[in-house]
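Biologist: I would like a close look at one part of this protein, the nonpolar core, and at what surrounds it. Please go slowly, since I am in my first year.

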Amino acid sequence: MDHFDIVVRDIPAAYEHYRSLGFGCPEKIEGDEHELYAAWMFRKQTVHDVAFTSGAGPRLHHVGVFAPEAHQVLRTADIFGSLRAEHHIERGPGRHGVSNAF
């Protein structure tokens, strides 16, 4: 497992709670008045371990899995397709979000 993306109604509350647990925040999205819209937080030495995005929640948006090589991500998508489980892929492999993760 690499990271989780959790949709929450109150980003500032989630952010403060995880900060109190020792999480750092390398990246966040704020409005003109410093309203917090999204936050990517970490405990281990990766881009992020948990991300909070705004919406009806709390609910799990996605789980990211670590793969040492980019082609392994594409192979996983091929396996889903061969099992006729492609409907479980909401968005195809590629770079996404502020983190530019693949």
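Modeller: This is a predicted model. The largest nonpolar core in it has eleven residues: Ile 6, Val 8, Ile 11, Ala 14, Tyr 15, Phe 23, Leu 36, Ala 39, Met 41, Val 50 and Phe 52. Two or more of these residues come from each of strand 1 (3–8), helix 1 (11–20), strand 3 (36–42) and strand 4 (50–54). In soluble globular proteins, nonpolar side chains tend to be buried together.

One member of the core shows how residues from separate stretches of the chain meet. Ala 39 belongs to the core. With neighbours within four places in sequence set aside, Ala 39 is in contact with Tyr 15, Cys 25, Glu 27, Lys 28, Val 50, Ala 51 and Phe 52. Of these partners, Tyr 15, Val 50 and Phe 52 are core residues too.

Next, take the strands one at a time. Strand 1 has six residues, and five of them are buried, so this strand is largely enclosed by the rest of the structure. Strand 1 pairs with two other strands. With strand 4 the pairing is parallel and has five bridges. Within that pairing, Val 8 has Ser 54 of strand 4 as its bridge partner. With strand 5 (residues 59–64), strand 1 runs antiparallel, and five bridges join the two. There, Phe 4 is matched with Val 63 of strand 5.

Strand 3 is also mostly covered, with five of its seven residues buried. Four bridges hold it to strand 4, and these two strands run antiparallel. Met 41 and Val 50 are bridge partners across this pairing, and both residues are in the core. Strand 3 also pairs with strand 2 (residues 24–30), in the antiparallel sense and over five bridges. Here Glu 30 stands opposite Leu 36 of strand 3, and Leu 36 is another core residue. In a regular strand the side chains alternate between the two faces of the sheet.

Strand 2 and strand 3 form a hairpin, with five residues between them. His 34 sits in the loop that links these strands. Its phi is positive, about 65°, although His 34 is not a glycine. At 61% relative accessibility, His 34 is exposed, because the cut-off for that word is over 50%.

The loop between strand 4 and strand 5 has a feature of its own. Pro 58 is found in that loop. A cis peptide bond joins Gly 57 to Pro 58, with omega at about 10°.

Now compare the core with nonpolar residues at the surface. Met 1, Phe 4, Leu 60, Val 63 and Val 65 make a nonpolar surface patch of about 500 Å². Phe 4 and Val 63, both in this patch, are the bridge partners named above for strand 1 and strand 5. Val 65 lies in the loop between strand 5 and helix 2 (70–82). Its relative accessible area is 60%, so Val 65 is classed as exposed.

Charged side chains can be looked at in the same way. The count of salt bridges comes to one. In it, the side chains of Asp 49 and Lys 44 meet, at 2.2 Å from N to O. What about the burial of its two ends, Asp 49 and Lys 44? Asp 49 has 11% relative accessibility and therefore counts as buried, the limit being under 20%. Lys 44 has a relative accessible area of 37%, so it is partly exposed.

Last comes the end of the chain. Leu 83 is placed in the segment after helix 2. With a relative accessible area of 61%, Leu 83 is exposed. Its C-alpha atom is separated by 16 Å from that of Val 73, and these residues are ten apart along the chain. Arg 84 lies in this segment after helix 2 as well. Arg 84 is exposed, with a relative accessible area of 69%. Although Arg 84 is not a glycine, its phi is positive, at about 55°.

To return to your request, the core draws two or more residues from each of strand 1, helix 1, strand 3 and strand 4. Strand 4 is paired with strand 1 in the parallel sense and with strand 3 in the antiparallel sense.

Note on methods:
Residues numbered from 1 in each chain as written. Predicted model: local features only at pLDDT ≥ 70, side-chain atom pairs only at ≥ 80, totals over all residues. Heavy atoms only, no water. Core = buried A, V, L, I, M, F, W, Y, C linked by side-chain atoms within 4.5 Å. Buried < 20%, exposed > 50% of the residue type's maximum accessible area, 1.4 Å probe, protein only. Contact = heavy atoms within 4.5 Å. Pairing = 2+ DSSP bridges. Patch = residues over 30% accessible without salt bridge, like charges linked within 9 Å, V, L, I, M, F, W, Y side chains within 5 Å. Areas by Shrake-Rupley, 256 points an atom, 1.4 Å probe, with all protein chains shown as cover. Salt bridge = Lys/Arg side-chain N within 4 Å of Asp/Glu carboxyl O.
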